[in-house]
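Trainee: Could we go through this model together? I would like to begin inside the protein and work outwards.

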Amino acid sequence: TIVHTQLAAGITISVTCQQTRDVPLDILTRHLLFGFKNIEILQQSPEALNGVPALQTVARARLDGREVQLRGLVARRDGCIYDIVYFASPQDYSPGEPSFERMMAGFRFLPH
C-alpha cells in the first residue's frame, strides 16, 4: 500500500499466483469490493494493462463508516491475478488521480 503524503488517498497492489480456475474479470472485481458497504458502480470498462486484458471499475462505497471513491484494475497474466486499486476520500479523489495515472503509465509486468 502506498499512501499519498498530502491527500487522504492511497494505492494498493496485490498479486495472487497459481490460480487454477479461469474466473472472469468481473467476478474477480467483485472480490475487490468485499468489506465495502453501499457500493455504487460509477463506471466499468475493459482496458489493457501493458497489452494484457483488464477490467477497470470506478465506484463509491463506505468502508469503516467512511465514504471512499476507488478505481480498480484487475488483470490476469500467466496464472496470476493482479489487483491495482486507487482509493481516496471523495474530495481528494480527483486531485490524487494524476499521481495514479503517472504510476500506471510506468507499470510493467516482470518477465518470468
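Mentor: Certainly; please keep in mind that this is a predicted model. A good starting point is Tyr86, which, leaving aside neighbours within four places in sequence, is in contact with Ala9, Gly10, Ile11, Gln69, Leu70, Arg71, Asp92, Tyr93, Gly96, Glu97 and Phe100.

Trainee: Which residues have the most contacts inside the largest nonpolar core?

Mentor: They are Leu49, Tyr86, Phe100, Met104 and Phe107, in a core of 19 residues. Two or more residues of this core come from each of strand E2 (9–16), strand E4 (52–63), strand E5 (66–77), strand E6 (80–88) and helix H2 (90–105).

Trainee: Which element gives the most to this core?

Mentor: That is E6, with 5 residues. There is also a second, separate core of 7 residues, with Leu33, Ala59, Leu70 and Val85 among them.

Trainee: Let us step back to the fold. How many helices and strands does the protein have?

Mentor: The protein has 2 helices and 6 strands. Their order along the sequence is β-β-α-β-β-β-β-α. The radius of gyration is 14 Å, close to the 13 Å from the globule rule for 112 residues, so the protein is as compact as a globular protein of that length.

Trainee: And what does the C-alpha trace span along its principal axes?

Mentor: The spans are about 40 × 30 × 20 Å. As for burial, 39% of the 112 residues count as buried. Of the contacts between residues at least 6 apart in sequence, 50% join residues at least 24 apart.

Trainee: What about the surface and the charges?

Mentor: The accessible surface is about 6900 Å², and carbon and sulfur atoms account for 52% of that. The protein has 11 positive and 11 negative charges, whose mean positions lie 2 Å apart.

Trainee: Back to Met104. Is it buried or exposed?

Mentor: Met104 is buried, because its relative accessible area is 14%, and buried means under 20%. This residue is found in helix H2. Not counting residues up to four places away in sequence, Met104 touches Leu49, Leu73 and Ile84.

Trainee: How far apart are Met104 and Asp83 in space?

Mentor: Their C-alpha atoms are 12 Å apart, with the two positions 21 residues apart in sequence terms. For Leu28 and Met104, which are 76 residues apart along the chain, the C-alpha separation is 20 Å.

Trainee: Where is Leu28 placed, and what is it in contact with?

Mentor: Leu28 is in helix H1, residues 25–32. Setting aside neighbours within four places in sequence, its contacts are Val23, Val74, Arg76 and Ile81. Leu28 counts as buried, given a relative accessibility of 9%.

Trainee: His31 is in that helix as well. Is His31 buried or partly exposed?

Mentor: His31 counts as partly exposed, at 43% relative accessibility. Its C-alpha atom is 25 Å from that of Ala105, a residue 74 places away along the chain.

Trainee: Moving to the strands, what does Val52 touch?

Mentor: Not counting residues up to four places away in sequence, Val52 touches Glu47, Ala75, Arg76, Arg77 and Phe109. Val52 lies in strand E4 and counts as buried, at 11% relative accessibility. Val52 and Phe109 are 57 residues apart in sequence, while their C-alpha atoms are 9.5 Å apart.

Trainee: One more topic: the backbone. Which sign of phi do most residues other than glycine have?

Mentor: Most of them have a negative phi. Asn50 has a positive phi of about 50 degrees although it is not a glycine. Asp64, also not a glycine, has a positive phi of about 55 degrees.

Trainee: Where are Asn50 and Asp64 found?

Mentor: Asn50 is in the loop between strand E3 (37–49) and E4, whereas Asp64 is in the loop between E4 and E5.

Trainee: And how do Asn50 and Asp64 count in terms of accessibility?

Mentor: Asn50 counts as partly exposed, with a relative accessibility of 38%. Asp64 is exposed, because its relative accessible area is 75%, and exposed means over 50%.

Key: Residues numbered from 1 in each chain as written. Predicted model: local features only at pLDDT ≥ 70, side-chain atom pairs only at ≥ 80, totals over all residues. Heavy atoms only, no water. Helix = DSSP H or I, 4+ residues; strand = E, 2+ residues; numbered from the N terminus. Rg over C-alpha atoms; globule rule 2.2 N^0.38 Å. Buried < 20%, exposed > 50% of the residue type's maximum accessible area, 1.4 Å probe, protein only. Contact = heavy atoms within 4.5 Å. Areas by Shrake-Rupley, 256 points an atom, 1.4 Å probe, with all protein chains shown as cover. Lys, Arg positive; Asp, Glu negative; His and termini not counted. Charge placed at Lys NZ, Arg CZ, Asp CG, Glu CD. Core = buried A, V, L, I, M, F, W, Y, C linked by side-chain atoms within 4.5 Å.
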